[in-house]
Amino acid sequence: MAITETIWELEPHTKAKHIILRKYLNAWLPKQTKWNDRVIICDGFAGPGVYKKGEDGSPVIALKAFLEHSYKDHISAEIVYLFIEMDADRYACLDKVLAELKGRLPRNVKIRKYNDDYDVAFGRILDHMDDSKQSIAPTFAFIDPFGIKSVSLNTIRRLMAHKGCEVFVNFMMTSLQRFLATQEFEVHCDAFFGCTEWRNALPLNGDAREDALRMLYQKRLRDADGVSAKYVRFFTMKNESNTTIYDLFFATNHEKGIDAMKDAMWNVDPSGDYSFSDATNPYQEVLFESQPNWNQLISILVEKFGGQTVPWPIVAEEIRNSPFRILKNPIKDAAKCESARLEIINPAGTRRNTINDAVTKIRFIS
């Protein structure tokens, strides 16, 4: 159910989402500002900036990712924060919250606020770039609505057509399921998916419908006639009853982006009775736990490469496209097992059981 209050309670699953946001920006800021003179962080549904008990909202979390960063004094690039909030009362509250932080911001940090619809406001920014034939600076867009209205795939597509741009989208499955069959909601679904294929999910029920909708959205983020993102992952948040609350979709065109996001996801403490899982492949659900099931990763790799000897960079890319992080120690440990399903192969003279990006190959036993 959509929240109608100006300020509301911070729920544990929202706190977990904010931890991921902060962890990712902690990695994103020094990397992007090292190679670019200007970067943008956009919070498309910024809200009031604070919760009932004084906890920070996402705009403040995004600002503190810079203000409290250990690398802050080394960042000279211009950082532009775009905060978009349509509700007038929430926008007024956000304005006050941001005013309290203004004195802490150095000259290279700019804040631009929009009391407007996300698609409209960001669409105008992209229109200006198109008209002036400019490319938008590398942008991280956090899109966290209560439903799916004003979150068109076309706006995401236009943003990610620019180099270095990424999106982190909260796919509100519960809201979508509630209104999916409502006739007046069709136009919003068409815009959200950028197609009419979502109607194929209408005859389905329960998990089958959920899977169809999230797999379609993943497909549209990857499709050449959709967003055409190189890397797409989604992470499902479930409650103590194993009921889906929402899915967090991340899309990027850079391997370092997907690696950093997976690091943020694997290291988050979901809090309370909530849990994350990665079901990007519907036949392979991976829970985000303190001790990853590395045997599952080895099974994924053996299924893909069984009977082959493969250069390490190709193996690493396959891991990148799985839910797991690219870590070498689990591969080394798997090679030492009594019933090992893989073997590390190096040129003569190389130290045994090492993985060198340039020369190592992995032989997979089928």
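Trainee: Which residues lie nearest the centre of the second largest pocket, and how many line it?
Mentor: Keep in mind that this is a predicted model. The pocket is lined by 19 residues, and Lys31, Gln32, Asn36, Gly164 and His254 are the ones nearest its centre.

Trainee: What volume does that second largest pocket have?
Mentor: About 470 Å³.

Trainee: And which helices each supply at least two residues of its lining?
Mentor: Helix 1 and helix 9, the latter running over 255–266. Helix 1 gives the most to this pocket, with six residues.

Trainee: What about the classes in that lining, how many nonpolar, polar and charged?
Mentor: Eight polar residues, seven nonpolar and four charged.

Trainee: Let's stay with helix 9 for a second. What should its twelve residues span?
Mentor: At 1.5 Å a residue they should cover 16 Å, and the end C-alpha atoms sit 17 Å apart, which agrees.

Trainee: Which of its residues are buried?
Mentor: Gly257, Ile258, Ala260, Met261, Lys262, Ala264, Met265 and Trp266. So there's a lysine in that buried set, Lys262, with under 20% relative accessible area.

Trainee: OK, switching to cavities. How many of 30 Å³ or more turn up in the whole structure?
Mentor: The search finds one. Its volume comes out at about 30 Å³.

Trainee: Which residues line it?
Mentor: Leu21, Leu25, Ile41, Cys42, Asp43, Ser58, Ala62 and Phe142. Helix 1 (12–35), strand 1 (38–43) and helix 2 (58–67) are the elements that give two or more residues to that lining.

Trainee: Which one gives the most?
Mentor: Strand 1, with three residues.

Trainee: And by class, how many are nonpolar, polar or charged there?
Mentor: Six nonpolar, one polar and one charged.

Trainee: New topic: helix 3. How many residues does it have, and how far does it reach?
Mentor: Helix 3 covers residues 88–101, which makes 14 residues. From first C-alpha to last it reaches 20 Å, close to the 20 Å expected at 1.5 Å a residue.

Trainee: What's buried in helix 3?
Mentor: Arg90, Tyr91, Cys93, Leu94, Val97, Leu98 and Leu101. Looking down the helix 3 axis, these buried residues fall within an arc of 160 degrees, so they line one face of the helix.

Trainee: Which residues are exposed on the other side?
Mentor: Asp89, Lys96, Ala99 and Glu100.

Trainee: What do the buried residues of helix 3 pack against?
Mentor: Three elements: helix 2, strand 2 (78–84) and strand 3 (109–114). Helix 2 has come up already, as it also gives residues to the lining of the largest cavity.

Trainee: Last thing, backbone oddities. What's the phi of Ser150?
Mentor: Positive, at about 65 degrees, although Ser150 isn't a glycine.

Trainee: Where is Ser150 found?
Mentor: In the loop between strand 4 (139–143) and helix 5 (153–160). Ser150 has a relative accessible area of 22%, so it counts as partly exposed, given that buried means under 20%.

Trainee: And Ser228, what is its phi and where is it found?
Mentor: Phi of Ser228 is near 65 degrees, again a positive value in a residue other than glycine. Ser228 is in the loop between helix 8 (206–222) and strand 6 (231–238).

Trainee: Why does Ser228 count as partly exposed?
Mentor: Because its relative accessibility is 40%, and the exposed class begins over 50%.

Key:
Residues numbered from 1 in each chain as written. Predicted model: local features only at pLDDT ≥ 70, side-chain atom pairs only at ≥ 80, totals over all residues. Heavy atoms only, no water. 1 Å grid on protein atoms, 1.4 Å probe; cavity = no way out; pocket = protein on both sides within 12 Å on 5 of 7 lines; lining within 4 Å. Points joined across faces, edges and corners; volume = space filled by probe spheres on them. Helix = DSSP H or I, 4+ residues; strand = E, 2+ residues; numbered from the N terminus. Nonpolar A, V, L, I, M, F, W, Y, C, P; charged D, E, K, R; others polar. Expected span 1.5 Å × (residues − 1). Buried < 20%, exposed > 50% of the residue type's maximum accessible area, 1.4 Å probe, protein only. Arc of directions from axis to C-beta. Contact = heavy atoms within 4.5 Å.
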